[in-house]
Amino acid sequence: MGDENLGSSEKCNSSKKFKVIIIGCGIAGLSSANYLLQNGMEDFLILEARKRIGGRIISIPMKSHNVELGANWIHGVLGNPIFELAMSHNLVNIINIPKPHKVIAATENGKQVPFGILHEIHEAYVCFLRRCEEYFLCQYLPPPDIHSVGEHINLEATLYLERLPSSEEKKLRRLIFDCLLKRETCISGCHSMDEVDLLELGSYTELQGGNIMIPSGFSSILDPLKKNINDKKILTNHAVRKIIWDSDVNQSLKSLDDTGEESEDSDQTVIEDNSKISPDKSLKPNIENSLQDMTQQPKKKYNNYVEIVCENGQSFHANHVICTIPLGVLKEKASSLFEPKLPSYKIESIEKLLFGVVDKIYLEYERPFLNPDITEIMLLWETPTTPEDMSQSWYKKIYSFSKVSETLLLGWVSGKEAEYMETLSMEEVAETCTKILRKFLNDPFVPEPQKCVWSYQLERTALYERIIYCNCCWSQSK
């Protein structure tokens, strides 16, 4: 989705200046540009590292329809600006009628779990998750040595299962709890729920209204954001290498006077005007020495502007910069991207924010093979008694396959297992998924997919976080 040629061949003056430069042309960057336009500000430029716009919103065509490799749902209705944008452009219906959703759960030997048991454990799990949220909302302490969401839910599940007399009943219900925890890692974007702080889970506010699908695809949300922006204001293939946001003089003064503490109210994220520094003010000897040392360093062309230096060698200047760089990039590059470095409390915030890997796996078939009434198959993997090699166990993190259409299935995998899957070929992933479906459905005739497509969220060799998709096709006669 998006025009890959936007501004890509535009030859800009390396010293061109703007009132505002927006870094990143995902939904945050596009929304920022629209806000500027709505308030009469047209002197801006958007720099995008990729060859397309949209950021982590991207769709690709499949045989039946487009599929979303990135953002998939509008999460909540009330107070959600994305839902309001979609509604105002008739992208969603005012009355959202959910489709029937029948979930089955199966064990590795192909036996289907009675729906009553599945419903029972799901209700208990939701209750346990709500209790985790109460620690933040009610400000009381958890049990000793329980610090994470995963630890708390496992404790609750253990206590819940103790009342059952049969070990087989306990085992089956335990498998369902484990499957739901794997599902939660894909929702939270982590490797394990043991990584999620128990005391902070309730700080997340979930908007009411459920998850809303856009019938034409989530990528269609980009069209109303892009239509008012002149193509020349968007430069793709312009990865930012350096953001020089403060003058040499101000940096010298700050580095010498720094006490090591930053105010939470600090707004020093833009350049200060050097005219505020009196030329007659006497400098301390150490400051004078620092200023002399700086004479050997490259000078900014415009001292009272933020300078943006791109990987392709072009430079741009602006009074203000709106930075919408993804968290993954900030975690990797924040220490070298900004000059001078960001305040310590900002760096600490970036480092402490959790950033995980979640991948989608799409399997496209020539014809339907699942019961039309079934919309999702939960995979109840046995719990290993000893540690397993990642190459022999990564696929056990796939917690379910759900129907996108009668001929298109979607699986999810997260964490280290997702990172391992990214090292495999498409054919390996497709063959593994076929074996999984045959095992859990107890059906050796489950067909191979015509196409396998999966996405991953971080290209390790690139500066900028990206969603990459790969696909492999082969014939059924293979």
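The protein has 13 helices and 18 strands. This is a predicted model, and everything I say today should be taken on that footing. Of its 478 residues, 46% count as buried. Take the contacts between residues at least 6 apart in sequence: 75% of them join residues at least 24 apart.

I will start with the interior. In soluble globular proteins, nonpolar side chains tend to be buried together. Here the largest nonpolar core has 46 residues. The residues with the most contacts inside that core are Val149, Ile153, Ile176, Phe177, Tyr362 and Leu380. Which elements give two or more residues to this core? They are three helices, α3 (115-138), α4 (149-161) and α5 (167-188), along with the strands β6 (103-107), β13 (358-364), β14 (376-380) and β16 (408-414). The biggest contribution is from α3, with nine residues. There is also a second, separate core of 29 residues, and Ile361, Tyr365, Ile377 and Met421 are among its members.

Back to Tyr362 for a moment. Leaving aside neighbours within four places in sequence, Tyr362 is in contact with a set of residues that includes Met62, Val67, Glu68, Leu69 and Asn72. The same list takes in Val404, Leu408, Leu409 and Leu410, and then Lys451, Cys452 and Val453.

Next, the empty space. Rolling a probe the size of a water molecule over the atoms shows where such space is left. The structure holds one cavity of 30 Å³ or more, and about 40 Å³ of space lies in it. Its lining is made of Tyr365, Arg367, Phe369, Leu370, Lys403, Ser405, Glu406, Thr407, Leu408 and Leu409. By class, that is five nonpolar, two polar and three charged residues. Both β15 (400-405) and β16 supply at least two residues of this lining.

Now a pocket, the second largest one. The volume of this pocket is about 570 Å³, and 19 residues line it. Nearest its centre lie Asp178, Lys182, Pro384, Lys397 and Glu417. How does the lining divide by class? There are four nonpolar, seven polar and eight charged residues. The elements giving two or more residues to the lining are α4 and α5, and the largest share, four residues, comes from α5.

On to the cysteines. How many disulfides does the structure hold? Zero. Cys433 is buried, with a relative accessible area of 0%. The closest cysteine sulfur to that of Cys433 is in Cys452, 6.0 Å away, so the pair is too far apart for a bond. Cys323, by contrast, is partly exposed, at a relative accessible area of 35%.

Last, a few backbone details. The peptide bond from Glu339 to Pro340 is cis, with omega near 0 degrees. Pro340 sits in the loop between β12 (338-339) and α10 (344-352). Which residues other than glycine have a positive phi? Asp145 is one, with a phi of about 65 degrees. Asp145 is found in the loop between α3 and α4, and is exposed, with a relative accessible area of 63%. Asn237 is another, with phi near 55 degrees. Asn237 lies in the loop between β8 (234-235) and β9 (240-244), and is partly exposed, at 42% relative accessible area.

That is the tour.

Definitions and conventions
Residues numbered from 1 in each chain as written. Predicted model: local features only at pLDDT ≥ 70, side-chain atom pairs only at ≥ 80, totals over all residues. Heavy atoms only, no water. Core = buried A, V, L, I, M, F, W, Y, C linked by side-chain atoms within 4.5 Å. Buried < 20%, exposed > 50% of the residue type's maximum accessible area, 1.4 Å probe, protein only. Contact = heavy atoms within 4.5 Å. 1 Å grid on protein atoms, 1.4 Å probe; cavity = no way out; pocket = protein on both sides within 12 Å on 5 of 7 lines; lining within 4 Å. Points joined across faces, edges and corners; volume = space filled by probe spheres on them. Nonpolar A, V, L, I, M, F, W, Y, C, P; charged D, E, K, R; others polar. Disulfide = S-S within 2.5 Å.
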